[in-house]
Amino acid sequence: MTDSKDIQVKEKTEVANPAEQTKPGPVFSPDVDIFENDQEIVLLADMPGVKADNLNIDLRENTLSIVGDISPSENADEEDILIEYEIGRFVRQFTLSEIIDQGSINAKLDNGVLRLTLPKVKKAAPRKITVSAA
Amino acid sequence: MMFRRYFGVPDWSFRRRVEEFENLRKQLNFMNDAFMGVAPGRKAGVFPLVNLTEDKENYYLRAELPGVKSEDLDIQATGTTVSLSGERKIPAENDGAKYHRREREAGKFSRMMSLSSEINPDRVKAALADGILKVTLPKSEKAKPKQISIK
C-alpha cells in the first residue's frame with residue numbers, strides 16, 4: 001500500500017438482484033479484502049454505519065453470508081441540501097473452498113470495518129503410500 | 001442529396017454516428033440520475049462523498065469513512081467553508097497473506113465545501129461513530145430563519 005496515493009472517489013455498488021429481500025430500500029455490496037495464510041482465511045469488509053447488533057454473519061455448508069442493517073441517522077426535521085451517497089443495507093455472499101473450523105470463527109467490528117477470521121480445519125498430514133510390486 | 005447523405009464519405013458519417021451515440025448515452029445517464037433523485041451535475045467527484053442536510057439551527061455534514069481514525073482526520077471550518085482532509089490507512093498484513101480480493105482502498109483525501117450561509121466556526125462539533133463522520137455546523141444568528149409575526 002502506498003501512502004502518498006490519493007483516494008479516488010468510488011460510489012457504492014448497488015446489488016442488482018438481491019435475493020429475497022423483505023425490507024424496502026437499496027442494497028449495497030460492501031468492499032472487501034480477502035486473504036488467507038496457512039492457518040486461516042481473513043475477510044475485511046467496509047460497512048459504514050453498521051452496528052454490531054445489526055450485523056449477521058452466517059456460514060452454512062460452504063456459503064458465507066454477511067448482512068448488515070442500517071438505521072437512518074438523520075432526524076426527521078432535517079432537509080437535504082446535497083445527497084452524494086445513499087444509505088442502505090449491506091449484503092454479500094461468498095463461497096468458501098476450504099473447510100472452516102466453525103467453532104472458532106472470530107468476528108470484530110471496529111469503526112465500520114468488519115474483520116472476520118475463519119480458521120481452516122487442520123488437514124491430516126500427507127502420507128506417502130508406497131506401492132509394492134506383487 | 002439523399003445519395004450523398006447516406007452513401008457519401010463513409011468514415012466521416014461514421015464518426016458522426018459515434019458522436020450521436022455518445023450524446024444519447026449522456027442524456028440517458030442524466031435522466032437516470034434525475035429519476036433516482038440525484039441532482040444532476042452536483043457530485044463533486046472528490047473522496048469522501050458527503051451528505052449535507054440542514055434544519056433551522058444547524059447544517060449537518062455526513063461522510064462514510066470506515067476504518068479512519070479520528071487522529072487521522074483534520075476538519076477545519078471558517079465562516080462559510082468546511083474542509084475535510086485526512087488519510088485512510090490500511091495496515092499491512094503478515095507476509096504469508098495471499099490475497100483473493102483487494103477492493104478496499106487506502107490513501108489521502110481532502111475536500112472543501114462551501115455553504116450557502118454563514119456558520120459559527122467556534123461551535124462546530126464532529127463525531128465519528130461506526131465509520132460515519134457527522135459534523136454539526138451551527139448556523140450563525142444572522143443566517144437563522146426568523147419567524148415574522150403579522151400584526
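**Group meeting talk: chains A and B**

Okay, let's start where the two chains meet: about 4,600 Å² is buried between chain A and chain B, and carbon and sulfur atoms give 49% of that area. Three residues stand out here, since Ile7(A), Glu84(A) and Tyr85(A) supply 18% of what chain A buries against chain B, more than any other three residues. Keep in mind, please, that this is a predicted model.

Why begin with an area at all? Well, people often give the size of an interface as the accessible area lost when the parts come together.

You can also count residues. On that score, 44 residues of chain A are in contact with 47 residues of chain B.

So what sort of contacts are they? The rule finds nine salt bridges across the interface of chain A and chain B. To pick one of them, Asp46(A) forms a salt bridge with Arg104(B), and the closest N and O atoms are 2.7 Å apart. If we turn to polar contacts, the count between the two chains is 26 residue pairs, with both residues at pLDDT 80 or more.

Which parts of chain A touch chain B? The elements that give two or more residues to that side are strand 3 (32-36), strand 4 (40-46), strand 5, strand 7 (79-83), strand 8 (89-95) and strand 10 (113-119) of chain A. Sorted by class, this side of chain A has 18 nonpolar, six polar and 20 charged residues.

Now have a look at strand 3 of chain A, because there is strand pairing across the chains. Strand 3 of chain A pairs with strand 5 (residues 98-102) of chain B in the antiparallel sense, over four bridges. If you want a spot to zoom in on, find Phe35(A), which stands opposite Tyr99(B) in that strand of chain B.

Let's stay in chain A for a moment. Five of its strands form an open sheet, in the order 1-2-8-6-5, with mixed pairing. Which strands sit at the edges? Those are strand 1 (13-14) and strand 5 (50-60) of chain A, each pairing on one side only. Strand 1 has strand 2 (residues 27-29) of chain A as a partner, antiparallel, over two bridges. There you will see Thr13(A) opposite Ser29(A).

On to chain B. Chain B has two helices and eight strands, and from the N terminus on, the elements run α-α-β-β-β-β-β-β-β-β. Of its 151 residues, 34% count as buried. And if you take contacts in chain B between residues at least 6 apart in sequence, 55% of them join residues at least 24 apart.

Within chain B, strand 4 (residues 81-88) and strand 6 pair in the antiparallel sense over eight bridges. One of the bridge pairs is Arg88(B) with Gly107(B) in strand 6. Strand 6 also has two faces: Gly107(B), Phe109(B), Arg111(B) and Met113(B) are on the covered one, while Lys108(B), Ser110(B), Met112(B) and Ser114(B) are on the uncovered one.

Last stop, Leu115(B), in the loop between strand 6 (107-114) and strand 7 (125-129) of chain B. Is Leu115(B) buried or exposed? Its relative accessible area is 10%, so Leu115(B) counts as buried, the cut-off being under 20%. What does Leu115(B) touch, leaving aside neighbours within four places in sequence? Leu115(B) is in contact with Leu52(B), Tyr59(B), Thr80(B), Val82(B) and Leu137(B). As for Ile75(B), Leu115(B) is 40 residues away in sequence and 15 Å away in space, C-alpha to C-alpha.

Terms used:
Residues are numbered from 1 along each chain as its sequence is written. Chains are lettered from A and ligands numbered from 1 in the order in which they are written. This is a predicted model: local features need pLDDT of at least 70, side-chain atom pairs count only at pLDDT 80 or more; totals for chains, interfaces and linings use all residues. Side-chain values use heavy atoms; hydrogens and water are left out. Contact means heavy atoms within 4.5 Å. Buried area is the accessible area (1.4 Å probe) that two parts lose on being put together, summed over both. A salt bridge is a side-chain nitrogen of Lys or Arg within 4 Å of a carboxyl oxygen of Asp or Glu. A polar contact is a pair of N or O atoms within 3.5 Å; within protein, one must be able to donate a hydrogen and the other to accept it, and residues adjacent in sequence count only if both atoms are side-chain atoms. Ala, Val, Leu, Ile, Met, Phe, Trp, Tyr, Cys and Pro count as nonpolar, Asp, Glu, Lys and Arg as charged, and the others, Gly among them, as polar. Buried means under 20% relative accessible area, exposed over 50%, partly exposed in between (1.4 Å probe, protein chains only).
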